[in-house]
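Work through these short exercises on charged side-chain pairs. Try each task before reading its solution.

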Amino acid sequence: IMRAHQNWLPGAKPEDTVLFFFSGHGATDSKERNYLIPVDAQIDLLEDTAIQMERLNEILDDRERVAAKKVIVILDSCHSGAKVGQKAFLVEGKLLDPLFNDVEGRITFASCNRDESSYENEELGHGVFSYYIAEGLKGSGDQDGDGYIDADELFTYVADSVRSWGKQHGYKQTPRKQNN
């Protein structure tokens, strides 16, 4: 994933929009560094096999490397992650916060608030948040019927749909957004 960022991000032009989408889990190591955990990561080798969020931020925020004026970050992952230790996994509540950077041109969507879980549903074939992102982009997110789906429309559709799904299934999941 990081190699792909190194290879294709420099090709983004100012008029382009860069999209980083991650669905999965996160962890914090013994040095309090936060990571996104891809499917092939090794929990005992996080530094070498996972995505360190601080490094991801550096890449996405580097305007010499990424000329695109718009960067969208979508995270279908809980804000709490496993804290890697010898005896146990402890819950940490601010795992994804580093990707909620206050950077001009960046919009960040996350599937839930800090104290919530991000749910999956076998019937939907995805995480609930990812499912409604896809549905919104297929057209359901076009709130004003103009044929275009902007970030605010998409987020409103997704947030309303996820909260409604949660209420129907006895869960609380409140998507979160930050944009500048």
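**Exercise 1.** Find the residue that forms a salt bridge with Arg55, and place the pair in the fold.

*Solution.* Arg55 pairs with Glu58; their closest N and O atoms lie 3.1 Å apart. This model is predicted. The cut-off for a salt bridge is within 4 Å, so the pair qualifies. Next, locate the two residues. Both sit in helix 3 (residues 53-61), three residues apart, so about one helical turn separates Arg55 from Glu58. Last, check exposure. Arg55 has a relative accessible area of 31% and is partly exposed. Glu58 is also partly exposed, at 44%.

**Exercise 2.** Which residue forms a salt bridge with Asp152? State which elements the pair links.

*Solution.* The partner is Lys177, with 2.4 Å between the closest N and O atoms. This pair links distant parts of the chain, 25 residues apart. Asp152 belongs to helix 5 (residues 151-169), and Lys177 to strand 11 (residues 176-179). Asp152 is partly exposed, with a relative accessible area of 40%. Lys177 is partly exposed at 29%.

**Exercise 3.** Describe the salt bridge between Asp160 and Arg163.

*Solution.* Start with distance: the closest N and O atoms of Asp160 and Arg163 are 2.7 Å apart. Then position: both residues lie in helix 5, three residues apart, or about one turn of the helix. Then exposure: Asp160 is partly exposed at 40% relative accessibility, and Arg163 is partly exposed at 38%.

**Exercise 4.** How many salt bridges does the model hold by this rule?

*Solution.* The count is seven. Among them are Arg55 with Glu58, Asp152 with Lys177, and Asp160 with Arg163.

Notes. Residues are numbered from 1 along each chain as its sequence is written. This is a predicted model: local features need pLDDT of at least 70, side-chain atom pairs count only at pLDDT 80 or more; totals for chains, interfaces and linings use all residues. Side-chain values use heavy atoms; hydrogens and water are left out. A salt bridge is a side-chain nitrogen of Lys or Arg within 4 Å of a carboxyl oxygen of Asp or Glu. Helices (H or I, at least four residues) and strands (E, at least two) are DSSP runs, numbered from the N terminus. Buried means under 20% relative accessible area, exposed over 50%, partly exposed in between (1.4 Å probe, protein chains only).
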